[in-house]
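Grab a pencil and work through these short exercises with the model open beside you. Try each task before you read its solution.

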Amino acid sequence: MSNMSERMETTLDEPVSVTLKRELRNIGDKMYKVVLPNSKLNSANELRNWDLWGPLIICLVLAIMLSSGSASGQYGGKGSKHSAADQNAVVFASVFVIVWFGAAVVTVNAVLLKGSVSFFQSICVLGYCIFPLTLSALVCLGVGWSGCRSTLCLMVRLASVGVGLLWSTRASIGFLAEVVPPKRSALAAYPVVLFYASIAWIIVIRSSP
């Protein structure tokens, strides 16, 4: 008990810069474990040390990129500045809602399947596992902003999104498989695949040149 109180006092008394560095280090470490799923040493420990800062940052970056992509793709040079701004706001809000609502639905499904994971732990894992799709969105938007409409560019976009989808799904299922009963793992994996597939489809549509 004394060790816990001492740790809390140390955290409260430390400078803000130290706190930010520690939180950023933790976020980077979790992203690394998502990018390289086999590198995780203790999934249960990672689930206990959940946070929502990383998923929030990833979601914001993805929403900003896709809202910018919609303006340069569908509305570039055709609509007024006002309509383009309205479209950007709608896309941003839609991506934000889809990510968090979809993650919540997948989490509730895992809990109903008697998974030994809390609501926020699952949200944390699902949010971090969007990171590969965010990288895919960056590649797709780069191709879309270049104005390339060739078959090769389309294949590059589809391949990038496909890799990101497989990567995100594999990473999230790897974590959740340890907390869901083996007989119900398929029922837990199905909505996870649908969740990431919906995000991948949005990336393909919004990155169109």
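**Exercise 1. Find how helices H7 and H8 run relative to each other, and say what lies between them.**

Step 1. Keep in mind that you're looking at a predicted model. Find helix H7 at residues 131-145 and helix H8 at residues 151-176.

Step 2. Look at their packing: the axes sit 8 Å apart, at an angle of about 175°. Angles over 145 degrees count as roughly antiparallel, so H7 is roughly antiparallel to H8.

Step 3. Now pick out the residues that touch. H7 brings Pro 132, Leu 133, Ser 136, Val 139, Cys 140 and Val 143. On the H8 side you'll find, among them, Cys 153, Val 156, Arg 157, Gly 164 and Trp 167.

Step 4. Sort the contact of H7 with H8 by class: 10 residues are nonpolar, four are polar and one is charged.

**Exercise 2. Decide whether Ile 203 is buried or exposed, and list what it touches.**

Step 1. Locate Ile 203 in helix H9.

Step 2. Check its relative accessible area, which is 0%. Buried means under 20%, so Ile 203 is buried.

Step 3. Look for its partners, skipping residues up to four places away in sequence: Ile 203 touches Leu 62, Leu 66, Leu 133, Ala 137, Cys 140 and Val 161.

Step 4. Compare sequence with space. Ile 203 and Leu 138 are 65 residues apart along the chain, yet their C-alpha atoms are 9.3 Å apart.

**Exercise 3. Match the "transmembrane region" annotation to the model.**

Step 1. Take the ranges from the unreviewed UniProt entry: residues 52-69, 90-113, 119-143, 150-167 and 187-205.

Step 2. Try residues 90-113: this stretch is 96% helix and 0% strand, with its end C-alpha atoms 34 Å apart.

Step 3. Do likewise for residues 150-167, where you get 94% helix, 0% strand and 26 Å between the end C-alpha atoms.

Step 4. Zoom out to the whole protein, which has nine helices and zero strands.

**Exercise 4. Work out where the model's confidence is lowest and where it is highest.**

Step 1. Start with the overall figure: the mean pLDDT is 78, and 79% of residues reach 70 or more.

Step 2. Go to the extremes. Helix H1 (residues 2-13) is lowest, at a mean of 49, while helix H9 (residues 185-206) is highest, at 89.

Step 3. Check two stretches with pLDDT below 50. Beyond near neighbours in sequence, residues 1-9 have zero contacts in the model, while residues 70-79 have 13.

Step 4. Draw the lesson: where pLDDT is low, don't read the predicted coordinates in detail.

Methods
Residues numbered from 1 in each chain as written. Predicted model: local features only at pLDDT ≥ 70, side-chain atom pairs only at ≥ 80, totals over all residues. Heavy atoms only, no water. Axes fitted to C-alpha atoms, helices over the stretch in contact; angles between N-to-C directions. Helix = DSSP H or I, 4+ residues; strand = E, 2+ residues; numbered from the N terminus. Parallel < 35°, antiparallel > 145°, perpendicular 65-115°, else oblique. Contact = heavy atoms within 4.5 Å. Nonpolar A, V, L, I, M, F, W, Y, C, P; charged D, E, K, R; others polar. UniProt positions renumbered as here; feature names shortened; annotations may be inferred. pLDDT = per-residue confidence, 0-100. Buried < 20%, exposed > 50% of the residue type's maximum accessible area, 1.4 Å probe, protein only.
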